[in-house]
Amino acid sequence: MLRITVNGKLVELDVDPEMPLLYALRENLGLTGTKFGCGVGLCGACTVHLDGEPVRSCATPVSAALGSSVTTIEGLAKGEALHPLQEAWLDNKVPQCGYCQSGQIMSAVALLEENAQPSDEQIEDWMQGNICRCGTYPRIKKAIKQVATSKKG
Amino acid sequence: MLAFEHLDRRAFLKKTGLVGGVFILGFGEATFTGASPGLKSGESGQLGVFVSIDSQGQVTIASHRAEMGQGIMTSTPQIIADEMEADWQRVEVVLAPGHPRYGNQSTGGSASIRRYFTYIRQMGAVARQMLEQAAANHWKIKLEDVQAVKHAIKNKKTGAMLGFGELASAAATLEVPSVENLRLKTEDEYSLIGKDVKLMWQEQIVRGETVYAQDINVPGMLIACIARPPVVGGRVKSFDASEAKKIKGVVDVLRMKDRPLPADVNPVSGVAVLANTSWAALQGKKKLKIEWELGENARHNSESYKQELIDKVNAPGIVARQEGDVHSHSFDPENTVEATYTLPYQHHMPMETPAATAYFEGDKCIVWTGTQTPQWGQRKVCQELGLDEKKDLDKVEFNQVLMGGAFGRKGKNDYTLEAVELAKATGKPVKVIWSREDDVQHGFYHSIAANYFKAELNKDNNSDFWLQRVVHPPIGWTFDTSKDRPSRGNLSQGFADIPFDIENLSCETQTLTTHVRIGWFRAVQNVHNAYALGCFVDELAVKAGIPTREMWLNLLGSDRHIDLTKEGFEGWRNYGQEDPRHALDTARMKHVINSVVEKSGAEDKVDKNEGWGIAFATSFNSYVAAATKVRVSDNLVKVLEIHTAIDCGLVITPDRVKAQMEGAMIMGLGLASSEITIADGAIEQSNFHDYPVLRYQHCPELFVNILPSDKPPGGVGEPGMPPVLPSVVNAIYHASGVRLRHMPVTKTHTFI
């Protein structure tokens, strides 16, 4: 049995330790908010937090998460209360198809936790691993800046 | 089943029925049928979009068009709710499954509102009028003496109000008014149309709660990964699954049925690994040893094919449209511009790769998928199972979920049919998942294309002699291998429908052999035609020494409506739209061109190494102009800003029009960097590293200008794309003096 903490709950997994975390989350734990996009860490759709750090769960074996704490998109809101970035996503009407947005939000949360006041360039730099084919980048940038600015105030 | 159970029609009826006193309406394409709660409203066989109201006044509207990110699940219900006078806060939307009773569900061609606006409004008006009638009956007054006002019916004489919920069960017993007796709102009465209402399902998306085809989970299902022949028309010669079967979790390995050409939207054969987990299926697929019989398309190489296209497009062709006589004219080399442009194959690359689930309950096949064409899919599943498409249609329950992007790719149900084939073969629920490599290498590609122009400038900086040709593999080949040239419909997309006032004009095409599946890609043939024309007009302007805007305005000529069937283009199709208010209108064209230039400052002075490019395209009954500013030094290109101006007629949801334009600019600019190439019949790209799409650091500032219009709604999902790429390429010329005619830009330049 492999033990990891997911969204605050300790879970036991009977899986191949080399299996990417993505499939453990989606298929063993039913947390389908984390998405498959490329399978090789190129698109960011599968981004989750591993002990607070953003990782591409499609390229992170379950063994790398042993004893660690994983946060997925489902663990971001506190019940009814959305995370400020999720709120900012709604304010800016960011999603189109929505498929990449879990990964985008998880990356953005990690960015603001590391750098509460990122510049435009820092946002672009940090977020460049997350692809959106619908083209929601300008709105994502706005949403991130909205939260950063409100923190400043 | 999981959280998506509420999408199921039976569950929908059950759910709404629970509250009691419920009003349910269903509509067919031509006839309206109402049903009281006691009756199962689906049984008439005529029922389409459902509008229901429960006794609490909760309105539920089924979104019958497929949602792929364009926002139709907000916009269509928004129109219905407006006609109903429903309070948007009390409207809930569910996705309709595929079934003819919903009317046309084929979601492509930017058609949902463009072609069905009035029909959609009628749905809302029927519901409103029945509620009004119920209220009039209650007060024993005439229908004219009541009026729907924000989720209630008002007695105009006394001012008394009855809520929708209070009227629901009475309204449900009334006869459905005929279309002739409906009163539709006038434009000044719209309460929701044109307003930025709250978008449907956004909160579920940011919570990670929405369900896509990849997320479907059916108890006991197997997950399948399929190794497909690398060449279209290829097949399995032999295979060895012994290593694959050693992977823990792999349950079975099956050879898929061989499928002869035409490709149609059928699966492409191969070997399927079925497993208990995605990971086991993916690993098992890697362990397969397959010997392929590649077939004759293995001789296809896109590099030599491109040269074939260039050669053909430079030789006399088959005339699609002709006016006057351009061929006996001797062009004055001093005033003539001649150019050939090419755009490579492209791929849709939706973020969600194809996936579908199928299983059987008795003799009923249940499908869960995300497709742009649910009814076509339902019919194809019937064919696959040897069922009668009419008689047995209800033996295929075709459930729809959200699509994680589509862009035309998911108009083809090959992946859905794979799931059905495997569910039938195994007798178990099967979910087929495509890896990104599968997606890139087994797509329905946007045609590689070559466009040629030769035009002579006259003393007024206009042209009287214009010759143009296009050569590309046609979509038609995918469905019929005898198709060897673009169809009239293809040629109506930015080629032979060129809206210029030119006395001597010839538009020609040529035959060609096709070797890969060609499909619809956002804006379809407009992509390469508008790219080539947009660049050529810029080249003419440079030759004439005038601003590109002026060149466009000269060529477009006087304000007029154009009927191309009277201008030498037999078989012209205005995107299936016969309404005269959708006539090709040069005044609207000139207006978007002028607007984009004025708003962007594209004719202002720029710094050294900087330049503006503009381009224009009309498609799907909308008009879009783009202006792009770039800085170029040492073949390094920085795109600084892109502007678009769109006239798409009446706007329903302004924010979603803006979002589509933003997306179109990003995808359009992405075309400058991407290409699908083919060696020995096989696609050479495999994932985001070698088929790059635009990322953050290459996304410039974007500006959208939606022009007010008194015309009916045009298309929105696609028309933004075509003018973007030529505006970028023209900007590079004006910044650097380097004229690029063969895409992608990244062959010679690097975006920074």
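**Notebook: interfaces and a buried helix in a two-chain model**

I began with chain A and found 15 residues of its domain 1 in contact with 14 residues of its domain 2. I note at the outset that the model is predicted.

**Entry 1. Domains of chain A**

I looked up the bounds: the assignment places domain 1 of chain A at 2-74 and domain 2 at 84-152. Their C-alpha centres are 21 Å apart. For the area the two domains bury between them, I recorded about 1200 Å², with 56% of it on carbon and sulfur atoms. I searched this interface for salt bridges and the rule returned zero. Polar contacts are present there: six residue pairs qualify, both residues at pLDDT 80 or more. On the domain 1 side, I noted that β3 (47-50) and β4 (53-56) of chain A each contribute at least two residues. I sorted that side by class and obtained six nonpolar, seven polar and two charged residues.

**Entry 2. Chain A against chain B**

I then turned to the interface of the two chains, where 51 residues of chain A are in contact with 56 residues of chain B. The chains bury about 4400 Å² between them, and carbon and sulfur atoms give 57% of this area. Which three residues of chain A supply more of its buried area against chain B than any other three? I found A:Lys93, A:Arg133 and A:Tyr137, with 19% of the area that chain A buries there.

I counted four salt bridges across this interface. One that I inspected joins the side chains of A:Lys35 and B:Asp215, at 2.4 Å from N to O. The polar contacts across the interface of chain A and chain B amount to 26 residue pairs, both residues at pLDDT 80 or more. On the chain A side, helices α1 (21-28), α2 (84-91), α3 (101-114), α4 (120-127) and α5 (137-152) each supply at least two residues. By class, I recorded 26 nonpolar, 14 polar and 11 charged residues on that side.

**Entry 3. Domains 1 and 3 of chain B**

I noted that chain B is divided into domain 1 (3-204), domain 2 (213-295 + 354-433) and domain 3 (302-347 + 444-751). The C-alpha centres of domains 1 and 3 of chain B are separated by 40 Å. I found 23 residues of domain 1 of chain B in contact with 21 residues of domain 3. These two domains bury about 1600 Å² between them, 54% of it on carbon and sulfur atoms. B:Ser110, B:Arg114 and B:Asp196 supply 37% of the area that domain 1 buries against domain 3, more than any other three residues. I looked for salt bridges across this interface and the rule gave zero, while 12 residue pairs are in polar contact, both residues at pLDDT 80 or more.

**Entry 4. Helix α9 of chain B**

Why do I regard helix α9 (residues 374-384) of chain B as largely enclosed by the rest of the structure? Eight of its 11 residues are buried, so I accept that description. Among the buried residues I listed B:Pro374, B:Val381 and B:Cys382. The buried residues of α9 pack against β17 (364-369), β18 (396-400) and α10 (414-426) of chain B.

I singled out B:Lys380, which lies in α9 of chain B. Is B:Lys380 buried or exposed? Its relative accessible area is 9%, under the 20% limit, and B:Lys380 is therefore buried. Leaving aside neighbours within four places in sequence, I found B:Lys380 in contact with B:Asp264, B:Val265, B:Asn266 and B:Leu417. Last, I noted that α9 of chain B is followed by B:Gly386, whose phi is positive, near 70°.

Key. Residues are numbered from 1 along each chain as its sequence is written. Chains are lettered from A and ligands numbered from 1 in the order in which they are written. Side-chain values use heavy atoms; hydrogens and water are left out. Domain bounds come from an automatic or database domain assignment. Contact means heavy atoms within 4.5 Å. Buried area is the accessible area (1.4 Å probe) that two parts lose on being put together, summed over both. A polar contact is a pair of N or O atoms within 3.5 Å; within protein, one must be able to donate a hydrogen and the other to accept it, and residues adjacent in sequence count only if both atoms are side-chain atoms. Helices (H or I, at least four residues) and strands (E, at least two) are DSSP runs, numbered from the N terminus. Ala, Val, Leu, Ile, Met, Phe, Trp, Tyr, Cys and Pro count as nonpolar, Asp, Glu, Lys and Arg as charged, and the others, Gly among them, as polar. Buried means under 20% relative accessible area, exposed over 50%, partly exposed in between (1.4 Å probe, protein chains only).
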